[in-house]
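Colleague: Thanks for sitting down with me over this one. Could you walk me through what the model shows?

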Amino acid sequence: MTNEVCQGFCYSKGYIYAATEWSNECCCDNSYDSSTVTSPTDCSMACVCSALDTCGGSLRHSLFQNIGTPSPPSTPSTLQTFDCYTDSVFNRALTYRVYSTAQ
């Protein structure tokens, strides 16, 4: 998983928001709870496929928004990077999830 892979996947499915979490998870949605912002240092896990990038953290999302046209087939035309956001097992911040086991 990388931030770029997650963003490309989410936007190709028509979602506006993409987020990486736990270094290998990708989450997508068209809305998010902006009240869950946390310290950027909470999103410090290295991405599974790119140790140079960070992909969220433990119950923390590195959140990105495509402010271009997200209809398939889309690549992120204009990205806005947000801060780090808290996620919860019982109340997911972004509902659509994809996992990567690639090393």
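Colleague: Which secondary structure elements does the chain have, and in what pattern do they follow along the sequence?

Modeller: Happy to start there, and please keep in mind that this is a predicted model. The chain has one helix and eight strands. Read along the sequence, the pattern is α-β-β-β-β-β-β-β-β.

Colleague: What share of the residues is buried?

Modeller: A residue counts as buried when its relative accessible area is under 20%. The chain has 103 residues, and the buried share of them is 41%.

Colleague: And how much area does the chain expose, and what part of that do carbon and sulfur atoms supply?

Modeller: The exposed area of the chain is about 5300 Å². Of that area, the part from carbon and sulfur atoms is 53%.

Colleague: Which residues form a salt bridge?

Modeller: The count comes to one salt bridge. Its closest N and O atoms are 3.3 Å apart, and the cut-off is 4 Å. The partners are D42 and R60.

Colleague: Why does that pair tie together separate parts of the chain, and how far apart in sequence are they?

Modeller: D42 lies in the loop between β3 (37-38) and β4 (46-47), while R60 belongs to strand β6 (residues 60-66). The pair therefore links parts whose separation in sequence is 18 residues.

Colleague: Are D42 and R60 buried, exposed or partly exposed?

Modeller: Partly exposed covers the range between under 20% and over 50%. D42 has 28% relative accessibility, and R60 has 21%. So D42 counts as partly exposed, and R60 also counts as partly exposed.

Methods. Residues numbered from 1 in each chain as written. Predicted model: local features only at pLDDT ≥ 70, side-chain atom pairs only at ≥ 80, totals over all residues. Heavy atoms only, no water. Helix = DSSP H or I, 4+ residues; strand = E, 2+ residues; numbered from the N terminus. Buried < 20%, exposed > 50% of the residue type's maximum accessible area, 1.4 Å probe, protein only. Areas by Shrake-Rupley, 256 points an atom, 1.4 Å probe, with all protein chains shown as cover. Salt bridge = Lys/Arg side-chain N within 4 Å of Asp/Glu carboxyl O.
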